[in-house]
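Visitor: I would like to understand how the labels attached to a model like this one are justified. Could you take me through the reasoning, value by value?

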Amino acid sequence: MLNLTYEFKLKPTSEQVFIFTDWLEQCRRVYNHALTERKDWFKSRSCQINACSLRSEYTIPAETKRPTYASQCKSLTANRKTNSNLQRVQSQVLQQTLLRLEKAFVSMWEQKHGFPRFKKPGTMRSFVFPQLRKNVVQGSTIKLPMVGWVKFRQSREIPDGATLRQVRIVRRARGWFAMLTLQWDVIIPDVMPHGEGIGVDVGISHFAVASNGRFFPNPQPFKKLERKLKLLQRSVSRKVKGSSNRKKTQVKVSKLHERIANVRKNYHWLVAHNLCDLARMIFLEDLNLKRLARGFLGKHCLDAGWGQFFQILEQCCRKRGVFFLYVDSKKTSQICPNCLTETGKKELSERVHSCQYCGYTTDRDVAAAQVVLIRGLAAVGHTVKMLSEGKAVALPLTKESPGF
Ligand SMILES: [Zn+2]
């Protein structure tokens, strides 16, 4: 089973834009209403037995069950019978909004994300049609339930044999977009470990470094765009609130944000393809992104958008038949890739790895990438003949292979 998302720019009529905008607002209200219900329930339960009731009034009867996706869907259906605002929106679209809230709660419980927040006007940017009939796409038009035929700019062919699973309608600064999730019933064979491998280290002074010494710098145009963004944002804050000048500049800011995101994504694909050119196996350190982003490196991590890069690299490898594996990232910068001895912690300013035991000297990030490579090769059952000119050669596993 293969899922892919195709994105098209819509060319809606002004009536259709009106409908989309209205639906987003109705979805936002449903979201906020459901969130209120859940929040109130949690508040009423968080009251300690011995605490006084002045601060947290016990307003919800004790036997009331915690609101769930299912229970909220039920009350939504009941409300929709009498509420004309809700009737204008397809019921499945509204249910998906509730599902989105449910997911926000699940990621709070499971991934320690924050408590879901209320959505301010204009901040609900997308809604989903979870189910569509066959043949809703014809030429460069798509038939959306209750909306009718909407034209789009067909920037790429939709392949035959794919089933349309869902459509997400997204509002961006540059207009309305449709994200089509397509599914193929094909079995993609897993790529088996083969050929030459490289390890990849991601960092702050460089975007990424490969174990053979290839550097991928942080993209330069980026800094320029970010400076421009800062200037624009400052000019927004100087303009009178609610004025049309402020709104115009705000639109410019959002467009620039999108442009930066696009440039970043392109760069990620570029690096991914370059890495795939280098080897048939790619090993990447399994950074705990969340932990890093919270720590002192926070802003840098999120700026670099590593989460997206990792996903893109994985996707790119699969497309091109390159084996991909995450390996343990523990202490990659504290081990000598040549003699495998722990050489101790390096300061961030220390740019060179120079082993006090075997004398091996190389760039600090290259050394880390080489450790990643060794671990990766060990994980797929290869041992390594160590490194001349920054290359590792995979050998069949022997008894004396390093115990990583
Ligand atoms: Zn050494």
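Guide: Let us begin with a definition: an angle between axes under 35 degrees counts as roughly parallel, one over 145 as roughly antiparallel, one from 65 to 115 as roughly perpendicular, and the rest as oblique. Please keep in mind throughout that this is a predicted model.

Visitor: Why are helix 6 and helix 9 called oblique to each other?

Guide: The axes of helix 6 (residues 244–278) and helix 9 cross at roughly 45°, a value that falls in none of the three named ranges, and helix 6 and helix 9 are therefore oblique to each other. Their axes come within 9 Å, and helix 6 passes helix 9 in a right-handed crossing.

Visitor: Which residues of helix 6 and helix 9 meet?

Guide: From helix 6 the residues are K265, H268, W269, A272, H273, L275 and C276, and from helix 9 they are Q308, F309, I312, L313, C316, C317 and R320.

Visitor: What span is expected for helix 9, and what does it reach?

Guide: Helix 9 (residues 306–320) has 15 residues, and the distance from its first C-alpha to its last is 21 Å, close to the 21 Å expected at 1.5 Å a residue.

Visitor: Which residues of helix 9 are buried, and what puts them on the same side?

Guide: W306, F309, F310, L313, C316 and C317 are the buried residues of helix 9. They lie on the same side of helix 9 because the arc they cover around the axis is only 130°. As a general point, an α-helix has 3.6 residues a turn, so residues three or four places apart point the same way. The face of helix 9 turned away from the buried side carries the exposed residues Q311 and K319.

Visitor: Where is R117 placed, and how do you know whether it is buried or exposed?

Guide: R117 sits in the loop between helix 4 and strand 2. A residue is exposed if 12 or fewer other C-beta atoms lie within 10 Å of its own, and R117, with 10 C-beta neighbours inside 10 Å, therefore counts as exposed. The C-alpha atoms of R117 and N32 are separated by 8.4 Å, although these residues are 85 apart along the chain.

Visitor: What covers the buried residues of helix 1?

Guide: The buried residues of helix 1 include F20, W23, L24 and Q26, and among the elements covering the buried residues of this helix are helix 2 (69–82), helix 4 (91–111) and strand 6 (163–172).

Notes: Residues are numbered from 1 along each chain as its sequence is written. This is a predicted model: local features need pLDDT of at least 70, side-chain atom pairs count only at pLDDT 80 or more; totals for chains, interfaces and linings use all residues. Helices (H or I, at least four residues) and strands (E, at least two) are DSSP runs, numbered from the N terminus. The expected span of a helix is 1.5 Å times one less than its number of residues. A residue is buried if 20 or more other C-beta atoms lie within 10 Å of its own, exposed if 12 or fewer, and partly exposed in between; C-beta atoms are placed from the backbone. The arc is that of the directions from the helix axis to the C-beta atoms. Axes are lines fitted to C-alpha atoms, for helices over the stretch in contact, and angles run from 0 to 180 degrees between N-to-C directions. A crossing is left-handed if the near helix is turned anticlockwise from the far one by less than a right angle, and right-handed if clockwise. Two residues are in contact if their C-beta atoms, placed from the backbone, lie within 7 Å.
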